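Please read the following explanation with the sequence and the structure side by side. It moves from one interface to another and ends inside a single chain.

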Protein chains: 4
Amino acid sequence: MSDFKEIIDSLKKFRDERDWEQFHNPKDLSLAISIEASELLELFLWKKAEDANIEKIKDELADVFSFAFLLADKYNLDIKDIVLNKINQNALKYPVAKSKGTAKKYNEL
Amino acid sequence: MSDFKEIIDSLKKFRDERDWEQFHNPKDLSLAISIEASELLELFLWKKAEDANIEKIKDELADVFSFAFLLADKYNLDIKDIVLNKINQNALKYPVAKSKGTAKKYNEL
Amino acid sequence: MSDFKEIIDSLKKFRDERDWEQFHNPKDLSLAISIEASELLELFLWKKAEDANIEKIKDELADVFSFAFLLADKYNLDIKDIVLNKINQNALKYPVAKSKGTAKKYNEL
Amino acid sequence: MSDFKEIIDSLKKFRDERDWEQFHNPKDLSLAISIEASELLELFLWKKAEDANIEKIKDELADVFSFAFLLADKYNLDIKDIVLNKINQNALKYPVAKSKGTAKKYNEL
C-alpha cells in the first residue's frame, strides 16, 4: 500500500468515526488548509527561522498535510501526478538560464 | 522508493538546478505554504464550492504540497509519522462520544 | 465627516455601482481579507523587509483595509471602538512588567 | 485629531510601553496581519456566515486593523489616500459595463 493511501485512509477513518464528512466540502477544506498554514507561520512570527519550536512545527505541518490530503482525496487527485506536473509547468516558467540564483517571480525575470 | 522520496527528490532537483536553496529557510518556506494556500482559497472566493475550477485547484494544491514537502525535508521529518502522530493527539482532544456530528472546537465541546 | 465614513462610503459606492453586495457575505469578506493579506505577504517572500517594493505594498495594504472596512460596515462596527477595546484587553494579557522587551505570547509569559 | 491618528497613537503607546518596536519590521508586521486575518477566517470555518460569533469577530477584526495600522504607520502611508487611490485603479480594471453583477476577476471579464 502506498504511503499516501495509508495516511489518507487513517484520516478518513478518523473523520468518519466522528461523522465529519458533512462539513468537509472543498471550500471549507481550503479554508482549513489556509488556517493551518497560518498557525504554522505563527511559529515564526517576530523570530528568526532557527528560533522556532520544532515540536510545534511538526504538529502544525501535520495539520496542513492532513487537510491537503483530504482535499486531494475529495477530488480523487493523485498527489504525485499533480506535483510532478506542476514541476514541469514551472520548468517552463523558470528556465534555469534566467532564474538561477534569483528569487524573482517569472513575470519579473 | 517511497512516493514521498520520489516527489521530494524531484522538488530538490528543480530547486538545486536553480540554486534556490539559499532562499529556502524554514521561515520563508512557511510564508510560501501560507501564500500558496491562499491562492488555493482564492479559487473559492465569492463562489459555492462546486463552482471552483478543478484544473486550477490541481495547480494550487500542488504548490501547497510542494512547499510543505520541502519544509518537511528541511527538518528531516517523516510525513507519515507526523500525520499519524497528530491523528493520535486529535483522538484525545476529540473523543468520538463528544465530537460526533459537531464541528465545534475541542475547547468548546 | 469622519475619515472612516468617507472611505467606507467610497467603497460602498464602488461596490453598489457593480451590484456586488450580493457576493459580500461576511464569510467571503473574511476570505477576501485573508487572501489580500497573503498578497501583501508575498511581497516579502524570500526577501529582507527592506527589499520589498513600497508601491506594491501600498496597493496590497489598501486591499486589506478595503475588505476590512467592508466587513466592519457589514456588522455596523465602530472601528475606533473595537480597536481601543482590544488594546484594553491586550493590556490585561500583556502587563508591562512581564512583557517588556519580549515577543513571547501571553500564554508563555 | 483624525480617527486614524488617535487609533495609531494608542497602538504605538501600547507598543512602546512594552518596547516592542524592535520586533515590528514590515515583514513580520505583514506576517501578523496575515495570521490575524486567518484567525478571523477560522470563526467561519465549517459554518454558514450567519453562525459565526459576532463578539469574536470584533476581536479578530480589531487585530487585523491594529497590525494594518501599524504597518501603514511604519511607511508613513495615508490610509485614506491609498484606499481611494486603489478604488480609482480598480475602476479601470472593473468597468461597470463589464463587471456589473459578476464576481469574475478582471482577467476573466
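How many residues does the contact take from chain C and from chain D? The model in view is a predicted one, and in it the contact takes 64 residues from chain C and 64 residues from chain D. The size of an interface is often given as the accessible area lost when the parts come together. By that reckoning about 5600 Å² is buried between chain C and chain D, with carbon and sulfur atoms giving 72% of the area.

The charged and polar pairings of this interface can be taken next. Between chain C and chain D the rule finds six salt bridges, and one that can be located on the model joins the side chains of D:Asp3 and C:Lys80, with a distance of 3.9 Å from N to O. That distance falls inside the cut-off for a salt bridge, which asks for a side-chain nitrogen of Lys or Arg within 4 Å of a carboxyl oxygen of Asp or Glu. Across the interface of chain C and chain D there are also 18 residue pairs in polar contact, counting pairs in which both residues have pLDDT 80 or more.

Which elements give two or more residues to the side of chain C that touches chain D? They are helix 1 (3-17), helix 2 (26-42), helix 3 (54-74), helix 4 (79-93) and helix 5 (96-99) of chain C. The most comes from helix 3 of chain C, which gives 14 residues to this side. Sorted by class, the side of chain C that touches chain D holds 37 nonpolar, 14 polar and 13 charged residues.

The relation between these two chains can be described by a single operation, since a rotation of 180° with 0.0 Å of shift along its axis superposes chain C on chain D with an RMSD of 0.0 Å. Because 100% of the interface residues of chain C are also interface residues in chain D, the copies meet through the same surface.

Chain D also touches chain B, and here 11 residues of chain B are in contact with 11 residues of chain D. The area buried between chain B and chain D is about 750 Å², and carbon and sulfur atoms give 46% of it. Of the area that chain B buries against chain D, 38% is supplied by B:Lys27, B:Leu31 and B:Ala103, more than by any other three residues.

B:Lys27 has a further part in this contact, for its side chain meets that of D:Asp28 in a salt bridge of 2.8 Å, N to O. In total the rule finds six salt bridges across the interface of chain B and chain D, along with six residue pairs in polar contact, both residues being at pLDDT 80 or more. Helix 2 (residues 26-42) of chain B contributes the largest share of the side that touches chain D, namely six residues, and the residues of that side divide into four nonpolar, one polar and six charged.

How are chain B and chain D placed relative to each other? A turn of 180° and a shift of 0.0 Å along the axis lay chain B on chain D with an RMSD of 0.0 Å, and the two copies are thus related as by a two-fold rotation axis. The same surface serves both copies, in that 100% of the contact residues of chain B recur in chain D. Of the residues of chain B, B:Leu31 comes closest to the rotation axis, with its C-alpha at 4.0 Å.

Within a single chain there is a further contact to follow. The domain assignment of chain A gives domain 1 (2-77) and domain 2 (78-109), and the C-alpha centres of these domains of chain A lie 25 Å apart. Their contact takes six residues from domain 1 of chain A and four residues from domain 2 of chain A. About 350 Å² is buried between the two domains of chain A, with 82% given by carbon and sulfur atoms, and A:Phe4, A:Ala72 and A:Leu77 supply 89% of the area that domain 1 buries against domain 2, more than any other three residues.

Across this interface of domain 1 and domain 2 of chain A the rule finds zero salt bridges and zero residue pairs in polar contact with both residues at pLDDT 80 or more. On the side of domain 1 of chain A that touches domain 2, two or more residues are given by helix 1 (3-17) and by helix 3 (54-74) of chain A, and by class that side has five nonpolar, one polar and no charged residues.

Technical notes: Residues numbered from 1 in each chain as written. Chains lettered and ligands numbered in written order. Predicted model: local features only at pLDDT ≥ 70, side-chain atom pairs only at ≥ 80, totals over all residues. Heavy atoms only, no water. Least-squares fit on C-alpha atoms with pLDDT ≥ 70 in both. Contact = heavy atoms within 4.5 Å. Buried area = accessible area lost by both parts, 1.4 Å probe. Polar contact = N/O pair within 3.5 Å; in protein donor to acceptor, adjacent residues only side chain to side chain. Helix = DSSP H or I, 4+ residues; strand = E, 2+ residues; numbered from the N terminus. Nonpolar A, V, L, I, M, F, W, Y, C, P; charged D, E, K, R; others polar. Domains from an automatic or database assignment.
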